[in-house]
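Here's a walk through one protein chain, written for someone who'd rather be at the bench. Have the structure open as you read.

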Amino acid sequence: MSSQVPSPYGSSGGGANLADILERVLDKGVVIAGDIRINLLDIELLTIKLRLIVASVERAEEMGIDWWRDDPSLSSGARRRELARENERLRERIAALEEQEQESREEIT
């Protein structure tokens with residue numbers, strides 16, 4: 001007589017398949033945290049803090065995580081916004097330089 005433990009993933013078979021597990025992880029989210037410290041003679045040389053969150057985009061947004069929207073290397077919209085801001089700063093700088101040049105011309109004459 002073998003006793004079988006019920007599956008926490010609701011599958012009626014012997015175990016959950018990878019797709020079920022991945023769906024559950026992405027739906028709920030998983031956080032993995034850890035620190036790496038390198039010491040030499042009780043002197044801390046290096047500390048690395050690792051934080052890993054695995055979740056679906058929707059779940060991450062619910063948690064308030066949306067850094068990919070503002071990262072120019074990940075979002076074309078963010079890249080366009082960054083270029084537009086840089087363009088505006090350059091235009092302001094050119095206008096200020098042209099104004100200085102105009103003022104110095106007026107002083108000479």
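## The chain at a glance

The protein chain has an accessible surface of about 9800 Å², and carbon and sulfur atoms account for 54% of it. Those areas come from the Shrake-Rupley method with a 1.4 Å probe, and for residues only the protein chains shown count as cover. A heads-up before going on: this is a predicted model, where local features need pLDDT of at least 70 and side-chain atom pairs count only at pLDDT 80 or more, while totals for chains, interfaces and linings use all residues. Residues are numbered from 1 along each chain as its sequence is written, and side-chain values use heavy atoms, with hydrogens and water left out.

The protein chain's secondary structure adds up to 3 helices and 2 strands, running α-β-β-α-α from the N terminus. Both kinds of element are DSSP runs numbered from the N terminus: helices are H or I with at least four residues, strands are E with at least two. Of the 109 residues in the protein chain, 5% are buried. Buried here means under 20% relative accessible area, exposed means over 50%, and partly exposed is in between (1.4 Å probe, protein chains only). As for contacts (heavy atoms within 4.5 Å), take those in the protein chain between residues at least 6 apart in sequence: 15% of them join residues at least 24 apart.

## The hairpin

Strands β1 and β2 pair in the antiparallel sense over 11 bridges; to count as a pair, two strands need at least two bridges found by DSSP. If you want a landmark along the ladder, Val31 sits opposite Ile53 in β2.

Now look at the turn. The hairpin of β1 and β2 has 2 residues between the strands. Leu41 is in the loop between β1 (30-40) and β2 (43-54), and its phi is near 55°, a positive value in a residue other than glycine. Asp42 is in the loop between β1 and β2 too, and has a positive phi of about 65° although it isn't a glycine. Leu41 counts as exposed at 76% relative accessibility, and Asp42 is exposed with a relative accessible area of 80%.

## A greasy patch

Which residues make the nonpolar surface patch of about 860 Å²? They're Ile36, Ile38, Leu40, Leu41, Ile43, Leu45, Leu46, Ile48 and Leu50. Patches are made of residues with over 30% relative accessible area and no salt bridge; nonpolar side chains (Val, Leu, Ile, Met, Phe, Trp, Tyr) are joined within 5 Å, like charges within 9 Å.

Both β1 and β2 supply at least two residues of the nonpolar patch each, with the largest share, 5 residues, coming from β2. Ile38, one of the patch residues, is in strand β1 and counts as partly exposed at 40% relative accessibility.

## Charges across the strands

The structure holds 4 salt bridges, each being a side-chain nitrogen of Lys or Arg within 4 Å of a carboxyl oxygen of Asp or Glu. Asp35 is a busy one: Asp35, Lys49 and Arg51 are linked in a network of salt bridges. The side chains of Asp35 and Lys49 meet at 4.0 Å, N to O. That pair links distant parts of the chain, with Asp35 in strand β1 and Lys49 in strand β2, 14 residues apart.

Asp35 also forms a salt bridge with Arg51, with the closest N and O atoms 3.2 Å apart. Asp35 lies in strand β1 and Arg51 in strand β2, so this pair ties together parts that are 16 residues apart in sequence. Asp35 is partly exposed at 40% relative accessibility, whereas Lys49 is exposed at 54% and Arg51 is exposed at 52%.

## After the hairpin

Ser56 is in the loop between β2 and α2 (57-62). Is Ser56 buried or exposed? Ser56 is buried, with a relative accessible area of 18%. The Ser56 side chain reaches the backbone nitrogen of Arg59 at 3.1 Å.

Arg59 has a salt bridge with Glu62 (2.9 Å, N to O). These two are 3 residues apart in helix α2, so they're separated by about one helical turn. Arg59 is partly exposed at 28%, and Glu62 counts as exposed at 60%.

## Into helix α3

Arg81 lies in helix α3 (residues 76-108) and is partly exposed, with a relative accessible area of 40%. Leaving aside neighbours within four places in sequence, Arg81 is in contact with Arg69 and Asp70. The C-alpha atoms of Arg81 and Asp70 are separated by 8.8 Å, and these residues are 11 apart along the chain.

Terms used. A polar contact is a pair of N or O atoms within 3.5 Å; within protein, one must be able to donate a hydrogen and the other to accept it, and residues adjacent in sequence count only if both atoms are side-chain atoms.
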